[in-house]
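Work through the exercises below with the sequence and the structure at hand. Each task is followed by a solution in steps.

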Amino acid sequence: MSPEMPEYVQILMEEFEKSKSTNKRYSVRAFAKRLGIHPATLSSILKGHRKVPRKQALEITEKLKLSPSRRNRFLRSLQKREDLRESLSEQVDYESSHQQFIALAGSPLEWEYSAVLSLLEIEKNWTAESIAKKLKLNPTKCQEILASLVDSHWLVHEENRYLLSEKPGNPINGSVPSRNEIQIYERDLQLALAQLKNPSTRHKNYSFQSMAINKKRLPEAQKLIQNFHRELNDLLQDGDPTDVFHLAIQFFPLTSED
């Protein structure tokens with residue numbers, strides 16, 4: 001599949017091939033009927049000759065039963081091509097990976113913010129106390145995070161419990177304490193070290209590898225890392241969430257770059 005193909009086309013092709021793998025007679029016409037669009041329109045979309053009709057984009061993601069991550073990627077790829085000029089952020093669900101949350105916020109944030117959003121995807125009556133206990137947060141810090149997320153319309157506070165907003169908020173700016181980017185990533189590494197040393201932490205995986213590389217391929221490597229984040233998120237979001245995990249990848253030079 002061409003890397004230049006828009007991501008929404010890639011997702012449509014993947015879903016079409018998935019159906020065809022179980023029924024060799026499955027046709028573009030049948031796929032179009034499933035999506036509720038004209039076969040000629042779908043054929044043009046798959047060939048890259050026309051765009052997904054804006055009014056039908058959300059409906060198509062629902063008919064395909066895409067995971068929250070794939071749904072966001074589908075809609076955001078349309079937004080990049082100016083197919084969705086209106087505020088798509090009001091309609092798109094959360095993609096709970098730390099990477100996506102950073103992208104929405106426009107700058108690195110402490111890991112606790114995305115952890116809280118991820119935790120609230122698990123169905124339960126979450127209070128400030130239960131959130132702090134589950135994520136092992138200082139109660140004062142937890143209240144600060146929750147207040148920021150409520151002020152920025154990522155969460156709603158109802159009857160002493162916190163819920164994900166049905167309309168995700170704007171990027172978090174003034175309500176989040178200004179932090180130096182290096183300090184934020186240092187805290188992330190400290191968290192990883194603490195869990196490495198914690199004998200009670202199960203299901204953890206730590207690995208590293210040094211390699212001789214061709215620097216000309218670095219842009220492709222960065223793309224692979226981004227895709228891995230997304231694919232792992234898709235895999236682990238399949239079904240009802242039960243726990244919150246943290247993924248961090250470090251990739252840096254060991255040789256002098258001068």
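The exercises that follow concern a predicted model.

**Exercise 1. Helix α4**

Task: Find which residues of helix α4 are buried, and state how they are placed around its axis.

Solution.
Step 1. Helix α4 covers residues 57–64.
Step 2. A residue counts as buried when its relative accessible area is under 20%. In α4 the buried residues are A57, I60, T61 and L64.
Step 3. Looking down the axis of α4, one finds these buried residues within an arc of 100°, so they line one face of the helix.
Step 4. K65 comes just after α4 and has a positive phi of about 55°.

**Exercise 2. Helix α7**

Task: Determine how many residues of helix α7 are buried.

Solution.
Step 1. The helix α7 runs over residues 111–119.
Step 2. Go along α7 and mark the buried residues: W111, E112, Y113, S114, A115, V116, L117, S118 and L119.
Step 3. Nine of the nine residues of α7 are therefore buried, and the helix is mostly covered.

**Exercise 3. A loop residue with positive phi**

Task: Locate K136 and decide whether K136 is buried or exposed.

Solution.
Step 1. The loop between α8 (128–135) and α9 (139–151) contains K136.
Step 2. K136 is not a glycine, yet its phi is positive, near 55°.
Step 3. The cut-off for exposed is over 50% relative accessible area. K136 has a relative accessibility of 66%, so K136 counts as exposed.

**Exercise 4. The hairpin of β1 and β2**

Task: Describe how β1 and β2 pair, and examine the residues between the two strands.

Solution.
Step 1. The strands are β1 (155–158) and β2 (161–164).
Step 2. Their pairing is antiparallel, over four bridges.
Step 3. L155 stands opposite L164, a residue of β2.
Step 4. Two residues lie between the strands of this hairpin, and E159 has a positive phi near 50°.
Step 5. N160 is also in the loop between β1 and β2. Although N160 is not a glycine, its phi is positive, about 70°.

**Exercise 5. A nonpolar surface patch**

Task: Name the residues that make the nonpolar surface patch of about 280 Å², and classify L193 by its accessibility.

Solution.
Step 1. L193, L196 and Y206 make the patch.
Step 2. L193 belongs to helix α10, residues 181–197.
Step 3. Values between the cut-offs of 20% and 50% count as partly exposed. The relative accessible area of L193 is 42%, so L193 is partly exposed.

Note on methods. Residues numbered from 1 in each chain as written. Predicted model: local features only at pLDDT ≥ 70, side-chain atom pairs only at ≥ 80, totals over all residues. Heavy atoms only, no water. Buried < 20%, exposed > 50% of the residue type's maximum accessible area, 1.4 Å probe, protein only. Arc of directions from axis to C-beta. Patch = residues over 30% accessible without salt bridge, like charges linked within 9 Å, V, L, I, M, F, W, Y side chains within 5 Å. Areas by Shrake-Rupley, 256 points an atom, 1.4 Å probe, with all protein chains shown as cover. Salt bridge = Lys/Arg side-chain N within 4 Å of Asp/Glu carboxyl O. Pairing = 2+ DSSP bridges.
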